[in-house]
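Trainee: I would like to go through this structure step by step. Please start with any term I need.

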Amino acid sequence: MIIHRPPFTIHHFTSLGSTNDHLKEMVGAPEFTCVVADEQTAGRGRRARTWHSSPGDGLYLSILLLPGTDSSSKLPLISLLAAVAVAETLIEHGVEGVDIKWPNDALVNDRKVSGVLAEAVSDGSDSLRLVLGVGVNLNHQSFPPELSETATSVAIVTGERVVVEEFRDQLLAKIARWYEHWRRGESALILDRWGRLSTYARDQRVIVTLDDEKIIGVTCGLTETGALRLIVDGGEVKTILAGEVTRLRKCAK
Ligand code: BTN
């Protein structure tokens with residue numbers, strides 16, 4: 001089924017392996033093509049993880065963006081703006097305690113409620129095609145054992161079911177608005193909003209897991225391209241481009 005929600009054209013499916021994978025296969029699709037599925041049988045997360053995508057419980061969507069060729073340093077901001085849009089939509093749905101964990105996980109009560117997987121697609125030409133995948137846990141009442149301590153859903157925290165299509169349309173409108181800011185070069189607006197929605201942005205003692213090392217430090221904001229700044233022991237400021245952030249609790253004396 002095709003649904004028009006300007007600027008987006010939504011291709012809706014009952015079931016897909018992964019909405020990101022399906023959109024990547026839609027060769028020649030125009031910008032703002034959007035693929036949504038009621039369930040994913042092979043939903044993918046960052047760092048080669050799977051994304052739990054049970055039928056009707058979540059929003060599983062992917063959007064095609066054509067950000068242009070001269071903007072590569074600003075590309076990470078697109079994932080950040082997607083997280084901002086998710087956080088704002090959750091707040092609009094009455095969810096309290098929404099947080100963003102760098103770079104783009106939406107959390108509630110320190111549990112993950114949404115994630116973003118942005119993937120570049122090469123079509124042989126110079127133009128960059130970016131598939132922006134967003135998963136939001138909406139109506140899940142429970143999660144598989146491996147996620148039961150770390151994941152939550154809107155229904156679990158508010159006690160109310162969410163109409164997935166309503167949430168989808170609100171989220172898409174916000175993504176369109178923030179992406180327009182991005183296109184106009186208004187990075188500072190995105191970074192400022194991200195910083196106000198995230199308790200991780202500043203003064204948090206965290207451990208960052210990189211591919212082959214772990215770094216402990218205190219967060220001190222983001223760079224203008226969305227990298228995380230960390231003050232490590234000795235006072236040096238390190239810039240983290242990619243990694244898994246975990247908050248370290250202060251020990252009671
Ligand atoms: C993460 O690991 O936090 C990112 C999760 C991204 C999941 C979404 S669901 C829609 C889209 N299709 C996928 O296969 N993954 C993304």
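Mentor: For residue classes, Ala, Val, Leu, Ile, Met, Phe, Trp, Tyr, Cys and Pro count as nonpolar, Asp, Glu, Lys and Arg as charged, and the others, Gly among them, as polar. Keep in mind that this is a predicted model.

Trainee: How many residues of the shell around the ligand are polar?

Mentor: The ligand is surrounded by 20 residues. Six of the shell residues are nonpolar and four are charged. The polar class has 10.

Trainee: Which element gives the largest share of the shell around the ligand?

Mentor: At least two shell residues each come from helix H1 (19-25) and from strands E4 (58-65), E7 (111-121) and E8 (129-137). The largest share is four residues, and its source is E7.

Trainee: Which oxygen or nitrogen atom of the ligand is 2.5 Å from a side-chain N or O atom of lysine 112?

Mentor: Two contacts involve a ligand nitrogen: a polar side-chain atom of threonine 19 is 3.0 Å from one, and a backbone N or O atom of arginine 44 is 2.7 Å from one. For lysine 112, the ligand atom at 2.5 Å is an oxygen.

Trainee: What part of the ligand's accessible area does the protein cover?

Mentor: The ligand sits in the largest pocket. On its own it has 420 Å² of accessible area, and the covered part is 99%.

Trainee: Why is threonine 225 classed as partly exposed?

Mentor: Threonine 225 lies in the loop between strands E10 (214-222) and E11 (228-232). Buried means under 20% relative accessible area and exposed over 50%. Threonine 225 falls in between, so it is partly exposed, because its relative accessible area is 25%.

Technical notes. Residues numbered from 1 in each chain as written. Predicted model: local features only at pLDDT ≥ 70, side-chain atom pairs only at ≥ 80, totals over all residues. Heavy atoms only, no water. Near = heavy atom within 4 Å. Polar contact = N/O pair within 3.5 Å; in protein donor to acceptor, adjacent residues only side chain to side chain. Areas by Shrake-Rupley, 256 points an atom, 1.4 Å probe, with all protein chains shown as cover. 1 Å grid on protein atoms, 1.4 Å probe; cavity = no way out; pocket = protein on both sides within 12 Å on 5 of 7 lines; lining within 4 Å. Sits in = over half its atoms within 2 Å of the grid points. Buried < 20%, exposed > 50% of the residue type's maximum accessible area, 1.4 Å probe, protein only.
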